[in-house]
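Welcome to this short tour! Please open the structure in your viewer and keep the selection tool at hand.

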Amino acid sequence: MRSLKQIEASRANGARSRGPITAQGKRNSSRNSTRHGFSAPDPSLDQNPPDAFIEFRASFMASLRPRNVAEAQLIHTMAVARWRKLQVIRPRPFPWIES
């Protein structure tokens, strides 16, 4: 059991805390709840997608044959989600090792 003195010390210490003050501290603090970033927007896939992703998405479109814009957008979202997952689990070559 904590003593009254310990409880008062904890309250005094907590009262002095005002959170991060520096810009770097605020940036660090803002990312405290980030887990993996899978749901973060990826402008590179929308603005300048790699050829492999274009083919990957085309295979989804060909097999599912969307009938309207809503279905096409859902298929695109599905392709992006699958692409991201494959990028995480697919082993990549190390850039500092020459092939």
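Let us begin with the rings. Count the aromatic pairs in this predicted model and you should arrive at three. To follow along, remember that two aromatic rings are described by the distance between their centres and the angle between their planes.

**Stop 1: Phe 53 and Trp 83**

Select Phe 53 and Trp 83 and show their side chains. How are the two planes arranged? The ring centres are 5.4 Å apart and the planes meet at 70°; angles over 60 degrees count as edge-to-face, so this pair is edge-to-face. Now trace the chain from one partner to the other: Phe 53 belongs to helix 4 and Trp 83 to helix 5, with their positions 30 residues apart, and the pair links distant parts of the chain.

Are these two residues buried or exposed? Phe 53 has a relative accessible area of 0%, so Phe 53 is buried. Trp 83 has a relative accessible area of 12%, which also makes Trp 83 buried, because the limit is under 20%.

**Stop 2: add Phe 56**

Keep Trp 83 selected and add Phe 56. These two rings form a tilted aromatic pair, with 5.5 Å from centre to centre and 55° between the planes. Phe 56 is in helix 4 and Trp 83 in helix 5, so this pair ties together parts that lie 27 residues apart in sequence. Both Phe 56 and Trp 83 are buried.

Next, add Phe 60 to your selection. Together, Phe 53, Phe 56, Phe 60 and Trp 83 make a cluster linked by ring pairs.

**Stop 3: the core around the rings**

Time to widen the view. Select Leu 45, Phe 53, Phe 56, Phe 60, Ile 75, Ala 79, Val 80, Trp 83 and Leu 86: these nine residues are the largest nonpolar core. Which elements give two or more residues to this core? They are helix 4 (51-64) and helix 5 (69-89). Helix 5 provides the largest share, with five residues.

Click on Ala 79 for a look at one member of the core. Apart from its neighbours within four places in sequence, Ala 79 is in contact with Phe 53, Phe 56, Arg 57 and Phe 60.

**Stop 4: two helices crossing**

Switch to a cartoon view and colour helix 4 and helix 5. Their axes come within 10 Å and cross at roughly 135°. That angle makes helix 4 oblique to helix 5. The crossing of helix 4 past helix 5 is right-handed. Where the two helices meet, helix 4 brings residues including Ala 52, Met 61 and Leu 64, while those from helix 5 include Ala 72, His 76, Met 78 and Arg 82.

**Stop 5: the loop between helix 4 and helix 5**

Select Arg 65, which sits in the loop between helix 4 and helix 5. Arg 65 is not a glycine, yet its phi is positive, at about 45°. Is Arg 65 buried or exposed? With 62% relative accessibility, Arg 65 counts as exposed.

**Stop 6: Pro 20**

Move to the loop between helix 1 (4-16) and helix 2 (23-30), where you will find Pro 20. Its relative accessible area is 38%, so Pro 20 is partly exposed. Leaving out neighbours within four places in sequence, Pro 20 is in contact with Gly 25, Lys 26 and Ser 29. Try your distance tool on Pro 20 and Ser 30: these two are 10 residues apart along the chain, and their C-alpha atoms are separated by 9.9 Å.

**Last stop: the whole protein**

Finally, zoom out. How many helices and strands are there? The protein has five helices and zero strands, and along the sequence the pattern reads α-α-α-α-α. Of the 99 residues, 13% are buried. Among contacts with a separation of 6 or more, 45% are between residues 24 or more positions apart.

Conventions:
Residues are numbered from 1 along each chain as its sequence is written. This is a predicted model: local features need pLDDT of at least 70, side-chain atom pairs count only at pLDDT 80 or more; totals for chains, interfaces and linings use all residues. Side-chain values use heavy atoms; hydrogens and water are left out. A nonpolar core is a set of buried Ala, Val, Leu, Ile, Met, Phe, Trp, Tyr and Cys residues joined through side-chain atoms within 4.5 Å. Buried means under 20% relative accessible area, exposed over 50%, partly exposed in between (1.4 Å probe, protein chains only). Helices (H or I, at least four residues) and strands (E, at least two) are DSSP runs, numbered from the N terminus. Contact means heavy atoms within 4.5 Å. Rings of Phe, Tyr and Trp (its six-membered ring) pair if their centres lie within 6.5 Å; planes under 30 degrees apart count as stacked, over 60 as edge-to-face and the rest as tilted. Axes are lines fitted to C-alpha atoms, for helices over the stretch in contact, and angles run from 0 to 180 degrees between N-to-C directions. Angles under 35 degrees count as roughly parallel, over 145 as roughly antiparallel, 65 to 115 as roughly perpendicular and the rest as oblique. A crossing is left-handed if the near helix is turned anticlockwise from the far one by less than a right angle, and right-handed if clockwise.
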